[in-house]
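Work through the exercises below with the sequence and the model open. Each task is followed by a stepwise solution.

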Amino acid sequence: MIVDIDYKFRSFRKRDTDTVRSFLTKQDLGYPQYSRWIDERAIGGLLAETKHALLVYSNGELVGDLLFQEHQHLDKIVEIKNMRIHPRLRWRAFGRFMIKQLEVEATQAGYLALIGDVREESRDIISFMINCGFIPTITLPLYNTSKRDVTMIKPLNKDFSQESLIKKVENTIISLAV
């Protein structure tokens, strides 16, 4: 049975604030003080334009988001902060599409790579990132000393040395780890 669904992908706009806040609240990622993180980091960053989001709407309902920003310590690198897709719509390639869209826009803007980190125990997300072309680089605790995170990178510029880029990312991540 094919369901007639209208999908619309677009960037965050200020009028999306309440909708995004509600969507993030329903899709808890297990962060400490999650509601505070939503208001201060996610929504605050979006409104201040230090963070950006690609949103997926279906029939007027927000069903997915990809939150990202310029990396604070690495020039010309886009950091994926997190991604959510409504549970009933997972496994339909929205995540892959959002990553690809970010990749195209970042490449056109002159960025060298996308990076993100994933909890080591989240094997399905790590596999998804690898399938999207990310390379696991280093595993260490980034946010919590008792949990390890895998930093992953997707180089965007084929002319730039991947080895030197990965080494630069690894050294920076090590210096920032908890």
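**Exercise 1. Burial and overall dimensions**

Task: Find what share of the 178 residues counts as buried, then check the radius of gyration against that of a compact globule.

Solution.
- Step 1. The model is predicted. Of its 178 residues, 43% count as buried.
- Step 2. For 178 residues, a compact globule would have a radius of gyration near 16 Å. The protein has 16 Å, so the two agree.
- Step 3. The C-alpha trace spans about 45 × 35 × 35 Å along its principal axes.
- Step 4. The accessible surface comes to about 10,300 Å². Carbon and sulfur atoms hold 50% of that surface.
- Step 5. Now take the contacts with a separation of 6 or more: residues 24 or more positions apart account for 59% of them.

**Exercise 2. Order of the elements**

Task: State how many helices and strands the protein has, and give their order.

Solution.
- Step 1. There are five helices and seven strands.
- Step 2. Read from the N terminus, the order is β-α-α-β-β-β-α-β-α-β-β-α.

**Exercise 3. The two sides of H1**

Task: Decide which residues of H1 are buried, and where they sit around the axis.

Solution.
- Step 1. Helix H1 covers residues 17-26. Its buried residues include Thr 17, Val 20, Phe 23 and Leu 24.
- Step 2. These four lie on the same side of H1, because they cover an arc of only 130° around the axis.
- Step 3. The spacing has a general basis: an α-helix has 3.6 residues a turn, so residues three or four places apart point the same way.
- Step 4. Asp 18 and Lys 26 are exposed on the other side of H1.
- Step 5. The packing partners of the buried residues are helix H2 (34-48) and strands S2 (52-58), S3 (61-70) and S4 (77-85).

**Exercise 4. Nonpolar cores**

Task: Identify the members of the largest nonpolar core that touch the most other members, and name the element that gives the most to this core.

Solution.
- Step 1. The largest core has 24 residues. Leu 66, Val 78, Leu 102, Leu 114, Phe 134 and Met 152 touch the most other members.
- Step 2. At least two residues each come from S2, S3, S4, helix H3 (94-108), strand S5 (113-119), helix H4 (123-131) and strand S7 (147-155).
- Step 3. H3 gives the most, with five residues.
- Step 4. Another core, of 15 residues, lies apart from this one. Among its members are Phe 12, Phe 23, Leu 62 and Leu 67.
- Step 5. Return to Val 78. Leaving out residues up to four places away in sequence, Val 78 touches Phe 68, Gln 69, Leu 102, Ala 106, Tyr 111, Ala 113, Leu 114 and Ile 115.

**Exercise 5. A threonine in S6**

Task: Is Thr 137 buried or exposed? List its contacts too.

Solution.
- Step 1. Thr 137 belongs to strand S6 (residues 135-144).
- Step 2. Its relative accessibility is 17%. The cut-off for buried is under 20%, so Thr 137 counts as buried.
- Step 3. Not counting residues up to four places away in sequence, Thr 137 touches Thr 151, Met 152, Ile 153, Ile 166 and Glu 170.

**Exercise 6. Positive phi**

Task: Locate Asn 59 and Lys 76, and give phi for each.

Solution.
- Step 1. Asn 59 lies in the loop between S2 and S3. Its phi is near 50°, positive although the residue is not glycine.
- Step 2. Asn 59 is exposed, at a relative accessible area of 54%.
- Step 3. Lys 76 is in the loop between S3 and S4. Its phi is near 60°, again a positive value in a residue other than glycine.
- Step 4. Lys 76 counts as partly exposed, at 41% relative accessibility.

**Exercise 7. Salt bridges**

Task: Describe the salt bridges of Arg 21, Lys 81 and Asp 149.

Solution.
- Step 1. The structure holds 10 salt bridges.
- Step 2. Arg 21 pairs with Asp 18, with the closest N and O atoms 3.2 Å apart. Both lie in helix H1, three residues apart, about one turn of the helix.
- Step 3. Arg 21 is partly exposed at 28%, and Asp 18 is exposed at 59%. Asp 18, Arg 21 and Asp 39 form a network of salt bridges.
- Step 4. Lys 81 meets Glu 79 at 3.3 Å, N to O. Lys 81 is partly exposed at 26%, whereas Glu 79 is buried at 9%.
- Step 5. Asp 149 meets Arg 119 at 3.0 Å, N to O. This pair links distant parts of the chain: Asp 149 is in strand S7 and Arg 119 in strand S5, 30 residues apart.
- Step 6. Asp 149 is buried, with a relative accessible area of 2%. Arg 119 is partly exposed at 26%.

Terms used
Residues numbered from 1 in each chain as written. Predicted model: local features only at pLDDT ≥ 70, side-chain atom pairs only at ≥ 80, totals over all residues. Heavy atoms only, no water. Buried < 20%, exposed > 50% of the residue type's maximum accessible area, 1.4 Å probe, protein only. Arc of directions from axis to C-beta. Contact = heavy atoms within 4.5 Å. Core = buried A, V, L, I, M, F, W, Y, C linked by side-chain atoms within 4.5 Å. Rg over C-alpha atoms; globule rule 2.2 N^0.38 Å. Areas by Shrake-Rupley, 256 points an atom, 1.4 Å probe, with all protein chains shown as cover. Salt bridge = Lys/Arg side-chain N within 4 Å of Asp/Glu carboxyl O.
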